[in-house]
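Work through the exercises below with the structure open. Try each task before reading its solution.

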Amino acid sequence: MQFTGIYKGPGGVLRSFMVNREVLIAASLRDVGLRKTPVRVAVLEAVISSKKPLAAPQIIRRLGAETDSVTVYRTLNTLAEHKLLHRVRGEDGSWRYAADAAAPGVEAGEHSHAHFVCDQCGTVECLQRVPVPEDLVRSRDLGRRYDVTYAELVVHGVCPRCHD
Ligand SMILES: [Zn+2]
Ligand SMILES: [Zn+2]
């Protein structure tokens, strides 16, 4: 599959280009210093091609019966640690994974957006257009002894499909 990717060219100018998805995935893995393995590529493929964040069992189903689920869980952790994926908890408490740096039009590290959880069907969505305000935590005045890694903003409600 071909799609448009965006990268920062000389002088920080954003350029777009047509790439093969696997080329982009390979480049993303290389950028964060991870070896390209078939499972890492397959997991990234599955998450990137999904419009909505996926739970681990959904990813395992997409990869086929011969896939070792323990390897998939470990791979998801590795990819999240290296910020190629980000995760958010669904209403059942399980993690959903969404694409990050490798997503077309989304820059690496730019994953601080809000998420929507439908309380009726359990669907989780990335709200790419709703950034988490940078001062969200600072304004809560946690105090000096707290070391904040990141803040998460999860919006609960009823999704458009359940609304009708
Ligand atoms: Zn819903
Ligand atoms: Zn997201």
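The model is predicted.

**Exercise 1. Find which strands α4 lies across, and give its angle to β4.**

Solution.
- Step 1: Locate α4. This helix lies across β4 and β5.
- Step 2: Compare directions. α4 runs at about 110° to β4.

**Exercise 2. Work out the strand order of the open sheet of three strands.**

Solution.
- Step 1: Read the order. It is β3-β5-β4, with antiparallel pairing.
- Step 2: Find the edges. β3 (54-55) and β4 (85-89) each pair on one side only, which makes them the edge strands.
- Step 3: Add the helix on the sheet. α2 packs there and touches β3, β4 and β5. Its direction makes about 85° with that of β5.
- Step 4: Count bridges. β4 and β5 are joined by five, in the antiparallel sense.
- Step 5: Pick one facing pair. L85 stands opposite A99 in β5.

**Exercise 3. Describe the largest nonpolar core and say which helix gives the most to it.**

Solution.
- Step 1: Take the size. The core has 19 residues.
- Step 2: Name the residues with the most contacts inside it. They are L44, V47, I59, L85 and Y97.
- Step 3: List the suppliers. At least two residues each come from α1 (21-31), α2 (38-49), α3 (56-63), α4 (69-81) and β5 (95-99).
- Step 4: Single out the main one. α2 gives the most, with four residues.
- Step 5: Follow V47. Leaving aside residues up to four places away in sequence, V47 touches L54, I59, L85, Y97, A98 and A99.
- Step 6: Set this beside a general trend. In soluble globular proteins, nonpolar side chains tend to be buried together.

**Exercise 4. Describe how α1 and α2 pack.**

Solution.
- Step 1: Choose the descriptors. Two packed helices are described by the angle between their axes and the distance between the axes.
- Step 2: Apply them. The angle between α1 and α2 is about 115°, and their axes are 10 Å apart.
- Step 3: Give the hand. The crossing of α1 and α2 is right-handed.
- Step 4: Name the residues that meet. R21, E22, I25 and L29 in α1 meet R40, V41, L44, E45 and I48 in α2.

**Exercise 5. Determine how β6 pairs with β7 and with β8.**

Solution.
- Step 1: Start with β7. β6 (residues 113-118) and β7 (residues 124-131) run antiparallel and share five bridges.
- Step 2: Find a facing pair. F116 stands opposite E125 in β7.
- Step 3: Look between the strands. The hairpin of β6 and β7 has five residues there, and G122 takes a positive phi near 80°.
- Step 4: Turn to β8 (residues 154-157). β6 and β8 pair in the parallel sense over four bridges.
- Step 5: Name one bridge. V117 has H156 in β8 as its partner.

**Exercise 6. Decide whether K83 is buried, exposed or partly exposed.**

Solution.
- Step 1: Place the residue. K83 is in the loop between α4 and β4.
- Step 2: Check the backbone. K83 has a positive phi of about 60°, although it is not a glycine.
- Step 3: Count neighbours. K83 has 15 C-beta neighbours inside 10 Å, so it counts as partly exposed.

**Exercise 7. Find where confidence is lowest and highest in the protein chain.**

Solution.
- Step 1: Take the whole chain. The mean pLDDT is 81, and 79% of residues reach 70 or more.
- Step 2: Compare elements. Confidence is lowest in β1 (residues 2-8), at a mean of 57, and highest in α4, at 95.
- Step 3: Inspect residues 101-106. The pLDDT there is below 50. Beyond near neighbours in sequence, this stretch has 16 contacts in the model.

Definitions and conventions: Residues are numbered from 1 along each chain as its sequence is written. Chains are lettered from A and ligands numbered from 1 in the order in which they are written. A nonpolar core is a set of buried Ala, Val, Leu, Ile, Met, Phe, Trp, Tyr and Cys residues joined through C-beta atoms within 7 Å. A residue is buried if 20 or more other C-beta atoms lie within 10 Å of its own, exposed if 12 or fewer, and partly exposed in between; C-beta atoms are placed from the backbone. Two residues are in contact if their C-beta atoms, placed from the backbone, lie within 7 Å. Two strands pair if DSSP finds at least two bridges between them. Axes are lines fitted to C-alpha atoms, for helices over the stretch in contact, and angles run from 0 to 180 degrees between N-to-C directions. pLDDT is the predictor's confidence in each residue, from 0 to 100. A crossing is left-handed if the near helix is turned anticlockwise from the far one by less than a right angle, and right-handed if clockwise.
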